[in-house]
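Me: I should like to understand how the descriptive terms applied to a protein model are justified. May I put some questions to you about the one shown here?

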Amino acid sequence: MVDLTPYPKREKEGEMGSLGNSANSKAVHEAGEDDYDHHKHLSPTHQQLDAGALFVLKSKGSWLHCGYHLTTSIVAPPLLSLPFAFTFLGWAAGIISLVVGALVTFYSYNLLSLVLEHHAQLGRRHLRFRDMANEILGPKWGRYYVGPIQFMVCYGAVIACTLLGGQCMKAIYLLSQPNGSMKLYEFVIIFGFLMLVLAQIPSFHSLRHINLISLFLCLAYSACAAAASIYRGNSSKGPTKDYGLKGDAESQIFGIFNAIAIIATTYGNGIIPEIQATIAPPVKGKMFKGLCVCYTVLIITFFTVAITGYWAFGNHSEGLLLSNFLDDGNPLVPKWFILMTNLFTILQLSAVGVVYLQPTNEVLERTFADPKSKELSARNVIPRVVSRSLSVVIATTVAAMLPFFGDINAVIGAFGFMPLDFILPVIFFNLTFKPSKRSLVFWLNVSIAVVFSALAIIAAIAAVRQIVLDAKTYRLFANV
């Protein structure tokens with residue numbers, strides 16, 4: 001028998017307005033079941049989902065669909081920066097950092113899922129990260145901390161995907177037209193048009209087929225990158241392999257924390273509750289299966305690319321591994337191979353970008369749509385198209401205007417991905433389940449929170465330092 005006793009109401013709970021509606025309005029008891037269908041069989045007084053939850057976060061998916069969403073959100077083109085991170089760490093520290101990142105994130109994502117399942121069984125299924133923070137930490141944490149940093153991280157990821165997509169398009173263009181006159185911002189705008197179309201897909205669940213293709217694409221470009229690295233590493237004309245750390249002691253220390261920030265951001269997600277919200281009830285155990293799908297792909301791609309890329313190029317590894325396959329614009333591997341690898345990367349970037357648009361879409365839908373009207377009614381379609389198009393136009397403009405956005409994104413990652421993915425999950429678990437202070441779980445969680453809080457602060461300082469060092473090269477709409 002499932003306990004449907006409501007939680008005692010918090011003071012100021014009303015401050016969250018519609019943010020709490022999805023959690024409070026969808027409980028229904030089904031004998032012998034562990035969870036509740038929060039879209040069906042509800043009385044009129046309970047069916048009060050806001051438009052963001054009703055239209056964007058539909059709970060219709062399976063654990064396999066969840067695996068597709070997780071893979072697209074984590075196993076993305078930033079993994080091509082892992083050999084570069086190794087240049088600051090060396091072999092031993094680099095591999096250890098990869099292993100620790102995999103273990104800690106898999107653990108913390110599962111803790112977050114268990115907390116979500118627990119609240120669902122008590123009749124308060126949370127569909128958004130800020131809903132969880134509102135319930136567990138209090139309304140102000142959800143409104144003024146978790147909500148804003150999640151928005152910054154996700155919208156920053158959309159801008160970064162748009163910029164990287166433009167850079168990959170420019171790389172293809174320069175292969176065919178070495179003296180071409182088109183600028184980077186023009187390719188960013190072209191990629192922005194692709195994002196503009198994909199942004200109109202109504203719900204997160206609707207992306208399941210795109211994200212299945214995305215899963216195969218990340219395997220494809222990772223295999224291509226690894227194969228090209230092995231080819232260059234074995235070539236007599238390949239680069240001289242040097243695995244020593246570059247720079248003076250200060251640069252090396254900051255480089256280590258910069259590398260940790262890169263690896264943490266590569267493992268980052270930031271939207272676990274929103275992905276779990278797409279699962280049809282009962283949700284128990286489904287997220288774990290989805291994470292197993294994701295981490296199978298992750299281990300294959302992350303470790304293969306990081307190890308082969310660093311083995312081939314050593315401390316000459318570029319910020320994006322694909323750049324190592326060109327020497328002053330001349331291809332070091334067959335031209336068609338570089339074109340194919342960049343094409344796979346561009347296509348997956350579009351899927352990653354639209355996944356990270358979902359929290360923004362949910363906010364826009366909640367603000368402008370009417371939950372009492374049909375999803376595809378003119379009343380909802382017109383504001384949806386206008387608001388989503390405007391959000392993509394803004395992201396594309398920022399990407400075109402600030403081609404150095406990667407430096408800014410490192411700061412956002414340190415302040416955003418680390419708290420959302422490493423720190424808050426263990427805090428939520430300890431506050432929800434209250435494990436004994438003598439237990440291993442309690443102290444493991446406390447240790448993770450303390451260590452990664454310190455790393456987040458130091459990584460943010462290192463990222464700000466890098467911005468200061470690079471500031472003299474910054475120019476709006478620069479053709480880099």
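Reply: Let us begin with a term: a residue is called buried when its relative accessible area is under 20%. Please bear in mind that this is a predicted model.

Me: Which residues of α16 are buried?

Reply: In α16, the buried residues are Phe442, Asn445, Ile448, Ala449, Phe452, Leu455, Ala456, Ala459, Ala460, Ala462 and Ala463. In an α-helix there are 3.6 residues to a turn, so residues three or four places apart point the same way.

Me: How do you know that the span of helix α16 agrees with its number of residues?

Reply: Helix α16 covers residues 440-470, which is 31 residues. At 1.5 Å a residue it should span 45 Å, and its end C-alpha atoms are 44 Å apart, so the two values agree.

Me: Why is Tyr310 called buried or exposed?

Reply: The relative accessible area of Tyr310 is 0%. Buried requires a value under 20%, and therefore Tyr310 is buried.

Me: What makes Tyr243 buried, partly exposed or exposed?

Reply: Tyr243 has a relative accessible area of 27%. Partly exposed lies between the limits of 20% and 50%, so Tyr243 is partly exposed.

Me: Why is the pair of Phe86 and Tyr310 called stacked, tilted or edge-to-face?

Reply: Their ring centres are 5.6 Å apart and their planes stand at 70°. Rings pair if their centres lie within 6.5 Å, and an angle over 60 degrees counts as edge-to-face; the pair is therefore edge-to-face. Phe86 belongs to helix α4 (residues 82-121) and Tyr310 to helix α11 (residues 286-313), so the pair ties together parts that are 224 residues apart in sequence. Both Phe86 and Tyr310 are buried.

Me: What makes the pair of Tyr243 and Tyr310 stacked, tilted or edge-to-face?

Reply: Here the centres are 5.2 Å apart and the planes are at 55°. Planes under 30 degrees apart count as stacked and those over 60 as edge-to-face; the angle of 55° makes this pair tilted. Tyr243 lies in the loop between α8 (208-234) and α9 (249-267), 67 residues from Tyr310 in helix α11.

Me: Which residues do ring pairs link into a cluster?

Reply: The cluster consists of Phe86, Trp91, Tyr243 and Tyr310.

Me: How do you know that the charged end of Lys241 sits over the ring of Trp311?

Reply: The charged end of Lys241 is 4.9 Å from the centre of the Trp311 ring. The limit for the distance is 6 Å, with a further condition of 35 degrees from the ring normal; Lys241 is counted as sitting over the ring.

Note on methods:
Residues are numbered from 1 along each chain as its sequence is written. This is a predicted model: local features need pLDDT of at least 70, side-chain atom pairs count only at pLDDT 80 or more; totals for chains, interfaces and linings use all residues. Side-chain values use heavy atoms; hydrogens and water are left out. Helices (H or I, at least four residues) and strands (E, at least two) are DSSP runs, numbered from the N terminus. The expected span of a helix is 1.5 Å times one less than its number of residues. Buried means under 20% relative accessible area, exposed over 50%, partly exposed in between (1.4 Å probe, protein chains only). Rings of Phe, Tyr and Trp (its six-membered ring) pair if their centres lie within 6.5 Å; planes under 30 degrees apart count as stacked, over 60 as edge-to-face and the rest as tilted.
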